[in-house]
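Me: I'd like to go through this fold and ask why things get the labels they do. Can you show me what we're working with?

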Amino acid sequence: MEPGIKEIQNLKNTCYINSIVQLISHVWPLKEVFCDVLEKNAIPENLELLNLFHQLCNEIWSEDRVRIKPEAFVKKCFTLSPYFVQYTQQDSQEFLMVFLDKLDQELISCHPRGFSIITDTFKGAFTNEIKCTACSFTSEKTEAFLQLDLPIPENAPPIRTIDCLMSAKETMMISESQHGLFSSLISVFTKEKATLNLYYCLKAFFQEQSTEAYCQQCQCHKPHIIRPRLSEPPKYLLISLKRFKYKFWSTKVSDNVFVPKNLNSAHFSSLGYEYSLSAVIEHNGFVSRGHYKIYLNNFGTWWLLDDNKVRKVPWEDVFNAQAYICMYIRKDICQRIVVEGSESVYCHKNISMPMRFMSRDEE
Ligand SMILES: [Zn+2]
């Protein structure tokens, strides 16, 4: 087993925690902080979550072959929110947000200038342009996000050949290899399960909406058009899909949403930023009974980490996953690595941290 790829024991319904631990420990700036910058004896003892995750992250990236049993960490996680009832099934997306928030607070508190590595890594923003259709008066409102929670459009558009070709070009990099073109096209046309792709969800999120609102210029309520656009692209783009619906009772949208390997924000917003897929968390099952596992790209190889079952998988398995959360890295902060016998991959550049955490001597 290589560094970064470790089995984590399921301590009874804790797959939602395990999948997030695997995800966050593979976010390169955080991995650097936990494995290279932040020294164990420099973390104040009262920052329990930070201490426990530091230990966990170092176990994951150690050279040793160990199966991780995260008992203390899991117990701490149950205390993060009253919703996380011990050893019951929970939503990994909710856990992700709570976990990042608490980890952020503890990380900030031991940085001399209060720098937030979590914000620096995940924060993006979208701007709503709000235009009065009567007088064209326009205003803007910007909202920050740490993750985009996307709707899954109910009426999936029928697959058109051009969509398939575009997806193939986006996801399989056919332009790079004549040989790959043929097999890529065949595989696209045989993947009929993938009726929806992430672009449809992104387009649904960023689509124009009409609304009635007060216009400062007309001085009365008038129809307005809201145009959202991505105004600040995060370094790491976290996307979750609204799979769980609450309407009288809870239901799950089980449609497969095809997740492209390469994502270009120009296809759903005005800014053209290129992203590369680095992880997909899958949810199998129903609302009340389900299971989480994660597909991770570790230096060009896709791995399936399913608690204590860990194995290499072909890209097709990631493609066919019932994606729930996915993570993309912005390519301009990456270096491209050519792996022999496989396609090139994007990995985070080794960056020198714009930070120095407090060491015990300085206290
Ligand atoms: Zn107006």
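Reply: Sure. One definition to start: two residues are in contact if their C-beta atoms, placed from the backbone, lie within 7 Å. Keep in mind that this is a predicted model.

Me: Okay, so what do the buried residues of α9 pack against?

Reply: On that contact rule, they pack against β5 (148-150), β6 (196-197), β9 (236-241) and β12 (257-258).

Me: And which residues of helix α9 are the buried ones?

Reply: In α9, which covers residues 198-205, they're Leu-198, Tyr-199, Tyr-200, Cys-201 and Leu-202. The label buried takes 20 or more other C-beta atoms within 10 Å of a residue's own.

Me: Why is α1 called oblique to α5?

Reply: Look at the angle: the axes of α1 (residues 15-25) and α5 (residues 92-109) cross at roughly 55 degrees, coming within 9 Å. Roughly parallel needs under 35 degrees and roughly perpendicular runs from 65 to 115, so α1 counts as oblique to α5. The crossing is right-handed, too.

Me: What makes up the contact of α1 with α5, by class?

Reply: From α1 you've got Tyr-16, Ile-17, Ser-19 and Ile-20, meeting Ser-92, Phe-95, Leu-96 and Phe-99 of α5. That's six nonpolar, two polar and no charged residues.

Me: How do you know that β7 and β8 pair?

Reply: Pairing takes at least two bridges, and strands β7 (residues 209-215) and β8 (residues 220-232) have seven, in the antiparallel sense. For instance, Thr-211 has His-224 in β8 as its bridge partner. The two strands form a hairpin with four residues between them, and Gln-219 in the turn has a positive phi of about 55 degrees.

How values were computed: Residues are numbered from 1 along each chain as its sequence is written. This is a predicted model: local features need pLDDT of at least 70, side-chain atom pairs count only at pLDDT 80 or more; totals for chains, interfaces and linings use all residues. A residue is buried if 20 or more other C-beta atoms lie within 10 Å of its own, exposed if 12 or fewer, and partly exposed in between; C-beta atoms are placed from the backbone. Axes are lines fitted to C-alpha atoms, for helices over the stretch in contact, and angles run from 0 to 180 degrees between N-to-C directions. Angles under 35 degrees count as roughly parallel, over 145 as roughly antiparallel, 65 to 115 as roughly perpendicular and the rest as oblique. A crossing is left-handed if the near helix is turned anticlockwise from the far one by less than a right angle, and right-handed if clockwise. Ala, Val, Leu, Ile, Met, Phe, Trp, Tyr, Cys and Pro count as nonpolar, Asp, Glu, Lys and Arg as charged, and the others, Gly among them, as polar.
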